[in-house]
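Subject: Handover of a structure and findings

Dear colleague,

Please find below the structure that I am handing over to you. The findings follow directly after it, and I would be grateful if you would read them beside the coordinates.

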Amino acid sequence: MNVVERDLQPQDKDYLEVLEEAEVNVIDAIAETMDLYGVTPSVGRLYGVLYFSDEPMTLDQMGNSLGMSKPSMSTSIKSLMDIEMVQKVWRKGERKDLYTAEKDFFVSFVSFFCKKWNRELSINLQAIEKSTEQLNSLLENPDVPDAIQTKARKDLQLLEEATKYYIWLKKVVLGLRSKELIKLIEEFDGN
């Protein structure tokens, strides 16, 4: 029994059902869209349950709420912690691990996507740098046939354009992490 249920009178049962249905609607939507974050719908459902929980929960409590095993809960929590949507919290006198959801979607978005974009930046910029060196070596070598040099020049132009994108993406990441981009969007939107 949760805090809300303890404080209700028997005649308030219908209101509780509406409240629970409203929460389930959002939990179902979260579960359906969690593939964007690279996790399964059941992990998304767990996040939704934690999101609406007023108190941190143990693995046992989560398992009981969702009808899932403790090992499954443990794996799911690890997935959510990896994408920084759930944190482990400490409570005096509590021996079991407690978990709570990140309830600020802006924080979740920035953390998750900036981490992914930084990975993309790192991998692709390293590849572009290496490839640029290789292509330049073809252009500097007088023995390389004209057709290959022509293609190498075209490839270098493509890589220059790609680099412009990655420099832009780096600015987006910095703007999101500093919250400047979020402020700019809010100002543009009039909020």
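In what follows, a helix is a DSSP run of H or I with at least four residues, a strand is a run of E with at least two, and both are numbered from the N terminus. Please note that the model is a predicted one.

Overall architecture

By that definition, the protein chain contains eight helices and two strands. Their order along the sequence is α-α-α-α-α-β-β-α-α-α. The chain is more spread out than a compact globule, because its radius of gyration is 25 Å, well over the 16 Å that the globule rule gives for 191 residues. Along the principal axes, the C-alpha trace spans about 90 × 45 × 30 Å.

Of the 191 residues in the protein chain, 29% are buried. The exposed surface amounts to about 13,200 Å², of which carbon and sulfur atoms supply 55%. If one takes the contacts between residues at least 6 apart in sequence, 54% join residues that are at least 24 apart. As to charge, the protein chain carries 24 positive and 33 negative side chains, and 7 Å separates the centres of the two sets.

Helix α4 and its surroundings

Helix α4 covers residues 59-66, and its buried residues are Leu-59, Met-62, Gly-63 and Leu-66. These four lie on the same side of α4, because they cover an arc of only 100° around the axis. Which elements do the buried residues of α4 pack against? Their partners are α3 (41-52), α5 (70-82) and β2 (98-101). The residue that follows α4 is Gly-67, with a positive phi near 70°.

Positive phi outside glycine

Most residues other than glycine have a negative phi. Two residues therefore deserve a note against that general background. Glu-84, which is not a glycine, has a positive phi of about 60°. Glu-84 is placed in the loop between α5 and β1 (86-89). With a relative accessible area of 38%, Glu-84 is partly exposed. Lys-179 also has a positive phi, near 70°, and is a residue other than glycine. The loop between α7 (146-177) and α8 (180-189) is where Lys-179 lies.

Positions in helices α6 and α7

Asn-118 belongs to helix α6, which covers residues 105-140. Is Asn-118 partly exposed or buried? Its relative accessibility is 33%, and since buried means under 20% and exposed over 50%, Asn-118 counts as partly exposed. Leaving aside residues up to four places away in sequence, Asn-118 touches Val-173 and Arg-177. Asn-118 and Leu-80 are 38 residues apart along the chain, and their C-alpha atoms are separated by 19 Å.

Lys-171 is found in helix α7. With a relative accessible area of 57%, Lys-171 is exposed. Between the C-alpha atoms of Lys-171 and Leu-181, which are 10 residues apart along the chain, the separation is 9.4 Å.

With kind regards

Definitions and conventions:
Residues numbered from 1 in each chain as written. Predicted model: local features only at pLDDT ≥ 70, side-chain atom pairs only at ≥ 80, totals over all residues. Heavy atoms only, no water. Rg over C-alpha atoms; globule rule 2.2 N^0.38 Å. Buried < 20%, exposed > 50% of the residue type's maximum accessible area, 1.4 Å probe, protein only. Contact = heavy atoms within 4.5 Å. Areas by Shrake-Rupley, 256 points an atom, 1.4 Å probe, with all protein chains shown as cover. Lys, Arg positive; Asp, Glu negative; His and termini not counted. Charge placed at Lys NZ, Arg CZ, Asp CG, Glu CD. Arc of directions from axis to C-beta.
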